[in-house]
Amino acid sequence: MKTFYIETFGCQMNVHDSEKVIGTLVDQGYSQVDTPDQAELVLYNTCSIRDKAEQKVFSRLQQFKREAGKGKTFGVLGCVAQQEGEKIFERAPHVSLVCGSASYNKLPELLVQIGSGEKRVTGLSLDTEDTFETAMTRRDNPHRAYITIIEGCDKACAYCVVPFTRGPERSRTGESILKEARELADMGYTEIQLLGQNVNSYRDPSPSGGDFARLLRAVGEVKGIRRVRFTTSHPRDFVKDIIDAIDENPVLCNHVHLPVQAGSDSVLKRMLRLYTRDEYMRRIEWMKRSPRNIAITTDIIVGFPGETEDDFQKTLALLDDVQYDSMFSFKYSPRPNTSALGLADAMDEVEKGRRLTILQEKQRAIQLRNNSELIGKVEEVMIEGFNNATLQWIGRTSQNRTLNFVAAGTPAPLQAGQYRNVLVTRAGANSLVGEMVN
Ligand code: 5AD
Ligand code: SF4
């Protein structure tokens, strides 16, 4: 029996890709082990969104330099693989396999080549016509399932590697997405998360040509599915009909992740984001007017080349205007191939750090206020597990908030995957605390 170990870095797309890779390897007769020491094949599914993420894989590989040739094969998958290609063999000579996400359907073939003695094999084509076979996917979570609806990205944001690492957009047919959703429901999954770098530009490639809102409505109708989420959205392609769909069907979770990246028009323009602050705010208004009380979350980059203090103040003011429920924020990191590399006025890391801290402190106060407003309300959660340290159950609300709770005097024991109503009693900046109600 051949053994493999896989470690995943990066976004949910990568996590889900790893589930597909695991399924493929198991189908090929491999069995998964928990540590690299036990494995004959060691795989890293990598992220290159920021330099720090990219460095992680090389430091991992460094740890195992001496293991090479002792019957262990090392492979680099994902975004660093696609971005660096054969250069990885130079930097880490004990690596034998380099394969980007668009070529995972070639993995069985590549592994056979390694098995027959080839020292270095690559899968780096980005124009793979056939989307990766998903039938063998091994999902990690038995209740919540990821479904890829669109691969790649056709935008050209000045800072972003994704168009290079994941290639051009390819939408899956609605029919195959719905088939997968129904199969998942039959297997007992109740939550589905639709994935894509830009789900809003989804377009059914079959003659029906339905858009994302139509797909969302259809997935929301699948029997047995109680929650549908989606990520990531691009403001430029985000249409009002998506909010209308959420308003119509409570199965569609009241949470939208709408990365803004910056609050100043001049920065947005240089980032090539293709929208203005006003256009972005219009989308926020649609959500604020929704009766569903939609949670809004975002991504922000500080220290993009040429970001002035005034630009930064506009980003801070945007936080006040939107009152985000959560935010991921990053220092700008120059990336290979991207157009922002050519921009002047790079900011030093200390100033980036200063801005990031100010931004995060401001957001923390906003979140604490937003979360506090939920005290006294009853929220439905899906149970994700039990925290042995705090003796609380861990739940997630439709708005994607973590709600930890106690269940005093429950007749039947609780289990992950169940849905329960919880009264919110306390609020922190990052989570809520409550008590189950019957
Ligand atoms: N530097 C810093 N942050 C980046 N992101 C994408 N590219 C970069 C970069 N070069 C951030 C964006 C994106 C999130 C996934 O990562 O905010 O939305
Ligand atoms: Fe990282 Fe982007 Fe690749 Fe996801 S798509 S793994 S975030 S580089």
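Biologist: Where does Thr232 lie?
Modeller: This is a predicted model. Strand S11 covers 227-231 and helix H9 covers 240-248. Thr232 lies in the loop between S11 and H9.

Biologist: Which form, cis or trans, does the peptide bond from Thr231 to Thr232 take?
Modeller: Most peptide bonds are trans. For the bond from Thr231 to Thr232, omega is near 0°. That bond is cis.

Biologist: In which order do the strands of the sheet with S11 stand?
Modeller: The sheet is open and has 3 strands. Its pairing is parallel. Neighbouring strands are turned by 20° against each other on average, direction ignored. The order is S7-S10-S11.

Biologist: Why is one side of S7 and of S11 left without a neighbour in the sheet?
Modeller: Strand S7 spans 144-148. S7 and S11 stand at the edges of the sheet, so one side of each has no neighbour there. The reason is that each has a single partner strand.

Biologist: What is the bridge partner of Arg144 in S10?
Modeller: Strand S10 takes in residues 191-195. S7 and S10 pair in the parallel sense, over 5 bridges. Across this pairing, the partner of Arg144 is Glu191.

Biologist: Which strands are the edge strands of the sheet S12-S13-S14?
Modeller: This open sheet has 3 strands in parallel pairing. Its twist averages 10° from one strand to the next. Two strands, 255-257 and 326-331, pair on one side only. They are S12 and S14.

Biologist: Which residue of S14 stands opposite Ile301?
Modeller: Strand S13 holds residues 295-302. S13 and S14 run parallel and pair over 6 bridges. Opposite Ile301 stands Phe330.

Biologist: What is phi of Gln323 near?
Modeller: Gln323 sits in the loop between helix H12 (309-322) and S14. Most residues other than glycine have a negative phi. Gln323 is a residue other than glycine with a positive phi, near 60°.

Biologist: Which strands each supply at least two residues of the shell around ligand 1?
Modeller: The residues around ligand 1 include Asp299, Ile301, Phe330 and Lys331. S13 is residues 295-302, and S14 is 326-331. The strands that each supply at least two shell residues are S13 and S14.

Biologist: How many charged residues does the shell around ligand 1 have?
Modeller: Among the residues around ligand 1 are Arg50, Asp299, Lys331 and Arg335. By class, 5 shell residues are nonpolar and 2 are polar. The charged residues number 4.

Biologist: Which side chain has an N or O atom 2.6 Å from an oxygen atom of ligand 1?
Modeller: Two side chains fit. One is Gln261, with an N or O atom 2.6 Å from a ligand oxygen. The other, also at 2.6 Å from an oxygen atom of ligand 1, is Asp299.

Biologist: How far is a nitrogen atom of ligand 1 from a polar backbone atom of Tyr159?
Modeller: Tyr159 is one of the residues around ligand 1. Here the protein partner is a polar backbone atom. The distance is 3.0 Å.

Biologist: What share of the accessible area of ligand 1 does the protein cover?
Modeller: On its own, ligand 1 has 400 Å² of accessible area. The share covered by the protein is 86%.

Biologist: How many polar residues are in the shell around ligand 2?
Modeller: Residues around ligand 2 include Asn14, Ser48, Gln197 and Arg166, along with Cys11, Cys47 and Cys79. The shell has 5 nonpolar residues and 1 charged. Its polar residues number 3.

Biologist: What stands opposite Met382 in S16?
Modeller: Strand S15 is residues 378-387, and S16 is 392-397. They run antiparallel, joined by 6 bridges. Opposite Met382 in S16 is Arg396.

Biologist: And what is the bridge partner of Met382 in S18?
Modeller: S15 is also joined to strand S18, residues 419-427. The two run antiparallel, with 5 bridges. In S18, the partner of Met382 is Tyr419.

Biologist: Which residue takes a positive phi in the hairpin of S15 and S16?
Modeller: The hairpin has 4 residues between its strands. One has phi near 60°. That residue is Leu391.

Biologist: How far apart are the C-alpha centres of domain 1 and domain 2?
Modeller: Domain 1 is 2-123, and domain 2 is 378-437. Their C-alpha centres lie apart by 37 Å.

Terms used:
Residues are numbered from 1 along each chain as its sequence is written. Chains are lettered from A and ligands numbered from 1 in the order in which they are written. This is a predicted model: local features need pLDDT of at least 70, side-chain atom pairs count only at pLDDT 80 or more; totals for chains, interfaces and linings use all residues. Side-chain values use heavy atoms; hydrogens and water are left out. Two strands pair if DSSP finds at least two bridges between them. Axes are lines fitted to C-alpha atoms, for helices over the stretch in contact, and angles run from 0 to 180 degrees between N-to-C directions. A residue is near a molecule or strand if one of its heavy atoms lies within 4 Å of it. A polar contact is a pair of N or O atoms within 3.5 Å; within protein, one must be able to donate a hydrogen and the other to accept it, and residues adjacent in sequence count only if both atoms are side-chain atoms. Accessible areas come from the Shrake-Rupley method with a 1.4 Å probe; for residues, only the protein chains shown count as cover. Ala, Val, Leu, Ile, Met, Phe, Trp, Tyr, Cys and Pro count as nonpolar, Asp, Glu, Lys and Arg as charged, and the others, Gly among them, as polar. Domain bounds come from an automatic or database domain assignment.
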